[in-house]
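This report describes a protein model, beginning with a single side chain and then widening to its surroundings and to the chain as a whole. The sequence and the structure are shown here for reference.

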Amino acid sequence: MATSTRTGFRTGIAHDLGAVPETLRSAFARLDLLLLESNHDEEMLRNGPYPPFLQKRIVGGYGHLSNRRSAAFARELAGPQLRELVLLHLSEVNNTPALAVAAARAALGSRTKLPVTAAPQDKAAGPFGDSVAAIVPRAQQLAFAL
């Protein structure tokens with residue numbers, strides 16, 4: 001989690017989770033920008049080319065968050081301050097940007113106006129960041145390549 005010392009804009013980035021620890025829930029309270037792993041669609045993983053041992057590692061507590069689990073966590077964090085959700089670390093084999101975004105939008109329900117995007121695997125995503133950039137000359141924005 002990072003907070004802008006100039007504006008107080010709060011950004012949280014989490015991937016390679018497997019499970020969401022309680023400490024992350026409290027650290028990510030009242031974010032402005034959430035960048036969150038949404039690694040796999042559970043059905044695609046189950047029916048995909050990965051052998052059972054690898055599937056088990058991916059869904060385990062030290063693996064990756066599925067679209068469903070990521071979306072549930074995003075719903076927990078979607079307070080009035082959250083301005084944007086960016087989904088990260090999507091599997092190229094067991095997920096699609098459309099499935100990840102659809103799961104997040106479904107979980108957010110009435111918060112459908114919240115921008116939800118899936119970061120591409122092959123190029124930089126962004127810019128993201130401080131909403132005062134349009135007001136404050138030369139304000140910095142964050143751009144991530146993951």
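In this predicted model, phenylalanine 73 has a relative accessible area of 1% and is therefore buried, since residues under 20% are counted as such. Phenylalanine 28, at 2% relative accessibility, likewise counts as buried.

A search of the whole structure finds one aromatic pair, and phenylalanine 28 and phenylalanine 73 are the residues that form it, in a stacked arrangement with 6.5 Å from centre to centre and 25° between the planes. The pair links distant parts of the chain, 45 residues apart: phenylalanine 28 lies in the loop between helix H1 (22–27) and strand E3 (33–37), whereas phenylalanine 73 belongs to helix H4. The two partners are set out below.

| Residue | Relative accessible area | Location |
|---|---|---|
| Phenylalanine 28 | 2% | loop between helix H1 (22–27) and strand E3 (33–37) |
| Phenylalanine 73 | 1% | helix H4 |

Helix H4 (67–77) also takes part in the surroundings of helix H5, for what covers the buried residues of H5 includes H4 together with strand E4 (84–88) and strand E5 (116–118). Helix H5 itself spans residues 97–108, and its 12 residues reach 16 Å from the first C-alpha to the last, close to the 16 Å expected at 1.5 Å a residue. The buried residues of H5 are Ala100, Val101, Ala104, Ala107 and Leu108. Seen down the axis of H5, these buried residues fall within an arc of 130°, so they line one face of the helix. An α-helix has 3.6 residues a turn, so residues three or four places apart point the same way. On the other side of H5, Ala98 and Ala106 are exposed. After H5 comes glycine 109, whose phi is positive, near 55°.

Turning to the whole chain, the protein has five helices and seven strands, which follow the pattern β-β-α-β-α-α-α-β-α-β-β-β when read along the sequence. Of the 146 residues in the protein, 41% are buried, and about 8100 Å² of the protein is exposed, with carbon and sulfur atoms supplying 57% of that area. Among contacts between residues at least 6 apart in sequence, 66% join residues at least 24 apart; the aromatic pair, too, links distant parts of the chain.

Methods
Residues are numbered from 1 along each chain as its sequence is written. This is a predicted model: local features need pLDDT of at least 70, side-chain atom pairs count only at pLDDT 80 or more; totals for chains, interfaces and linings use all residues. Side-chain values use heavy atoms; hydrogens and water are left out. Helices (H or I, at least four residues) and strands (E, at least two) are DSSP runs, numbered from the N terminus. The expected span of a helix is 1.5 Å times one less than its number of residues. Buried means under 20% relative accessible area, exposed over 50%, partly exposed in between (1.4 Å probe, protein chains only). The arc is that of the directions from the helix axis to the C-beta atoms. Contact means heavy atoms within 4.5 Å. Rings of Phe, Tyr and Trp (its six-membered ring) pair if their centres lie within 6.5 Å; planes under 30 degrees apart count as stacked, over 60 as edge-to-face and the rest as tilted. Accessible areas come from the Shrake-Rupley method with a 1.4 Å probe; for residues, only the protein chains shown count as cover.
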